[in-house]
Amino acid sequence: MKNEPLKPITVEELVKLLKAVDQKSIVCLACDSEGNGFSPMPNQLFYSTGYAENRLGDVDYEDEPFGPNAVPAIILWPSN
């Protein structure tokens, strides 16, 4: 897995990873890629669905499909 190129993770892959950890753990999101802060996910209104570009980096996100690289996506929202 370490030799694979970085790419966006799928829901299927995330579920597999989450099943391997303590199920009582809280879920926190990093505020940035450098770990300068962390925000727990709230129990309500913590995600939305739409479409995003299938690549890493700053991507566009829309409620409706757009462009050839847009794929179904889930957005996870932090509590702050």
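Buried means under 20% relative accessible area, exposed over 50%, and partly exposed in between (1.4 Å probe, protein chains only). This is a predicted model: local features need pLDDT of at least 70 and side-chain atom pairs count only at pLDDT 80 or more, while totals for chains, interfaces and linings use all residues. Residues are numbered from 1 along each chain as its sequence is written, and side-chain values use heavy atoms, leaving out hydrogens and water.

**View 1. The whole fold: one helix and five strands.**
Walk along the sequence and you get α-β-β-β-β-β (helices are DSSP H or I runs of at least four residues, strands E runs of at least two, numbered from the N terminus). The C-alpha trace spans about 40 × 35 × 25 Å along its principal axes. Just 10% of the 80 residues count as buried. Take the contacts (heavy atoms within 4.5 Å) with a separation of 6 or more: residues 24 or more positions apart account for 38% of them. The accessible surface (Shrake-Rupley, 1.4 Å probe; for residues, only the protein chains shown count as cover) is about 7,100 Å², and 57% of that belongs to carbon and sulfur atoms.

**View 2. The nonpolar patch around α1.**
Here I9, V11, L14, V15, L17, L18, V21, Y47, I74 and L76 come together on the surface, with about 840 Å² of accessible area between them. Patch members have over 30% relative accessible area and no salt bridge; nonpolar side chains (Val, Leu, Ile, Met, Phe, Trp, Tyr) are joined within 5 Å, like charges within 9 Å. Helix α1 gives the most, with five residues, and both α1 and β5 supply at least two each. V21 sits in the loop between α1 and β1 (28-30), where V21 is partly exposed at 43% relative accessible area.

**View 3. A closer look at V15 on the helix.**
V15 belongs to α1, which covers residues 11-19, and is one of the nonpolar patch residues. Its relative accessible area is 38%, so V15 goes down as partly exposed. For a sense of scale, put a ruler on G67: the C-alpha atoms of V15 and G67 are 28 Å apart, with the two positions 52 residues apart along the chain.

**View 4. Two salt bridges, and that's the full haul from the whole structure.**
The criterion is a side-chain nitrogen of Lys or Arg within 4 Å of a carboxyl oxygen of Asp or Glu. One pairs K7 with E13, at 3.2 Å from N to O. K7 is partly exposed at 46% relative accessibility, and E13 is partly exposed too, at 31%. The other links R55 to E53 at 3.3 Å, again N to O. With 40% relative accessibility, R55 counts as partly exposed.

**View 5. The negative patch that includes D63.**
D58, D60, E62, D63 and E64 gather here as a patch of negative charge on the surface. D63 itself is in the loop between β4 (61-62) and β5 (70-76). Is D63 buried or exposed? At 58% relative accessibility, D63 counts as exposed. Zoom out for the overall charge tally: the protein has 6 positive and 12 negative side chains, and the centres of the two sets lie 13 Å apart. Lys and Arg count as positive, Asp and Glu as negative, with His and the chain ends not counted; each charge is placed at NZ of Lys, CZ of Arg, CG of Asp or CD of Glu.
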